[in-house]
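Open the structure in your viewer and keep the selection tool at hand. Each stop tells you what to select and what is there.

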Amino acid sequence: MEYRRLGATGLKLSALSYGAWVTFGRQVGRSAARELIALAYDSGVNFFDNAETYNAGEAEKLMGDVIADLRLPRDAYCVSSKVYFGASIDPKPTQRGLSRKHVFDACHQALDRLRVDYLDLYFCHRPDPDTPVLETVWAMDTLVRQGKVLYWGTSEWPATLIEEAHRVARENHLVPPSMEQPQYNLLHRERVENEYASLCADHGMGTTIWSPLASGLLTGKYNDGIPEDSRLGLPANAWLRDELTANDGAKLKTVRALAPIAAELDMPLSRLALAWCLKNPNVSTVILGASRKEQLAENLLALDAMPLLTNDVMSRIKATATM
Ligand code: NDP
């Protein structure tokens with residue numbers, strides 16, 4: 001495993017990490033979760049990603065129970081949560097957003113569910129137009145000073161708003177955001193490569209990137225239809241299927257066009273896609289998703305594939321992949 005600094009911080013995260021999103025508590029039950037987390041940890045993964053909203057808090061409970069079962073030493077792994085969407089299907093006005101109240105309540109609830117005394121990383125899951133940025137930055141600063149959060153960050157905030165968070169933090173001597181969690185994969189590149197580039201250069205922000213395989217599209221498993229036992233085959237994920245197959249399947253066309261490059265390198269397309277994410281120096285960690293042990297084992301091979309992605313290969317990939 002390779003370890004990378006989270007931006008300009010001193011925290012070293014495994015370049016490949018593992019997240020719970022729509023899998024934990026839905027496709028993955030307790031024994032599978034235990035096997036997946038054990039495999040990840042034994043392979044050097046030291047960061048496990050979660051959020052209050054994942055399966056309405058159930059994903060955090062499952063992860064917390066499994067990590068406790070496995071007796072992982074608290075100082076050897078990092079765990080995250082995210083606040084914004086709320087942890088229930090129909091949250092009341094004070095149970096979602098980035099007000100000081102919800103940021104505090106959500107943090108305490110995540111600590112309970114994950115069975116930890118502090119969150120290593122805590123993200124504002126989306127911007128909240130109804131809360132002044134200063135209020136949210138102040139709330140995060142307080143949690144850091146209370147020792148309940150070590151590093152806080154944003155997820156899918158416009159760069160201008162992240163700049164504002166840095167400005168109000170500087171003006172008020174508060175702890176600024178250390179990282180952003182954006183979607184980044186061969187089918188979704190614009191924000192990380194253009195919009196966020198200056199945040200990394202000017203503010204030393206790290207990135208913990210999500211959906212590196214575009215929910216599995218970049219494995220090629222959806223090229224000939226939607227397998228029933230896949231993420232996009234689950235009725236609960238119909239919204240995601242519609243989003244990813246929109247525009248007449250434009251994304252799938254790109255996936256098919258990338259396949260020959262992976263074949264020439266004698267590797268699965270998924271490995272090429274993950275290695276490609278790892279090649280970006282602004283990526284601190286690539287958060288893997290996997291509903292099965294075999295998938296995770298395969299995806300953990302991506303680091304070894306990086307040297308095969310030479311400049312020439314990277315140029316060919318760039319010419320084929322869409323922004
Ligand atoms: P991916 O894009 O890698 O998709 C993961 C899914 O793809 C798996 O659950 C599996 O689905 C399929 N898959 C993965 N590897 C393979 C393989 N080798 N062969 C075949 N199928 C494979 O990652 P996620 O979308 O899960 O995102 C990763 C993490 O990022 C999340 O768990 C979460 O922690 C975080 N995230 C953050 C968001 C944010 O807003 N901040 C939003 C979304 C995710 P299946 O087997 O079910 O078909």
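The tour goes from a strand to its partners and then to pairs of charged side chains. Keep in mind that this is a predicted model.

**Stop 1: strand E9**

Select residues 206–209, which form strand E9. Are the two faces of this strand covered or open? Both are covered. Gly206 and Thr208 lie on one side, and both are buried. Thr207 and Ile209 lie on the other side, and they are buried as well.

**Stop 2: the partners of E9**

Now add residues 179–180, strand E8. E8 pairs with E9 in the parallel sense, over 2 bridges. Which residue of E9 is the bridge partner of methionine 179? The partner is glycine 206.

Next, add residues 285–288, strand E10. E10 also pairs with E9 in the parallel sense, again over 2 bridges. Find threonine 208 and look across to E10: threonine 285 stands opposite.

**Stop 3: glutamate 60 and arginine 113**

Leave the strands and turn to charge. Side chains of opposite charge can pair when their charged atoms come close. How many salt bridges does the model have? The count comes to 19.

Select glutamate 60 and arginine 113. Their side chains meet in a salt bridge, 2.8 Å from N to O. Glutamate 60 sits in helix H2 (residues 58–70) and arginine 113 in helix H3 (residues 100–114), so the pair, 53 residues apart, links distant parts of the chain. Check the surroundings of each. Glutamate 60 is buried, with a relative accessible area of 0%. Arginine 113 is buried too, at 13%.

**Stop 4: glutamate 156 and arginine 191**

Select these two next. They form a salt bridge, and the closest N and O atoms are 2.9 Å apart. Glutamate 156 is in the loop between strand E7 (149–154) and helix H5 (159–171), while arginine 191 is in helix H6 (residues 190–195), so the salt bridge ties together parts that are 35 residues apart in sequence. Why does glutamate 156 count as buried? Because its relative accessibility is 12%, and the cut-off for buried is under 20%.

**Stop 5: aspartate 229 and arginine 292**

Here the side chains meet in a salt bridge of 3.3 Å, N to O. Both residues are in loops: aspartate 229 between E9 and helix H8 (238–244), arginine 292 between E10 and helix H11 (293–299). They are 63 residues apart. Arginine 292 is partly exposed, with a relative accessible area of 35%.

**Last stop: a network**

Select Arg30, Arg34, Asp65, Asp69 and Arg115 together. Salt bridges link these residues in a network.

Conventions:
Residues numbered from 1 in each chain as written. Predicted model: local features only at pLDDT ≥ 70, side-chain atom pairs only at ≥ 80, totals over all residues. Heavy atoms only, no water. Buried < 20%, exposed > 50% of the residue type's maximum accessible area, 1.4 Å probe, protein only. Helix = DSSP H or I, 4+ residues; strand = E, 2+ residues; numbered from the N terminus. Pairing = 2+ DSSP bridges. Salt bridge = Lys/Arg side-chain N within 4 Å of Asp/Glu carboxyl O.
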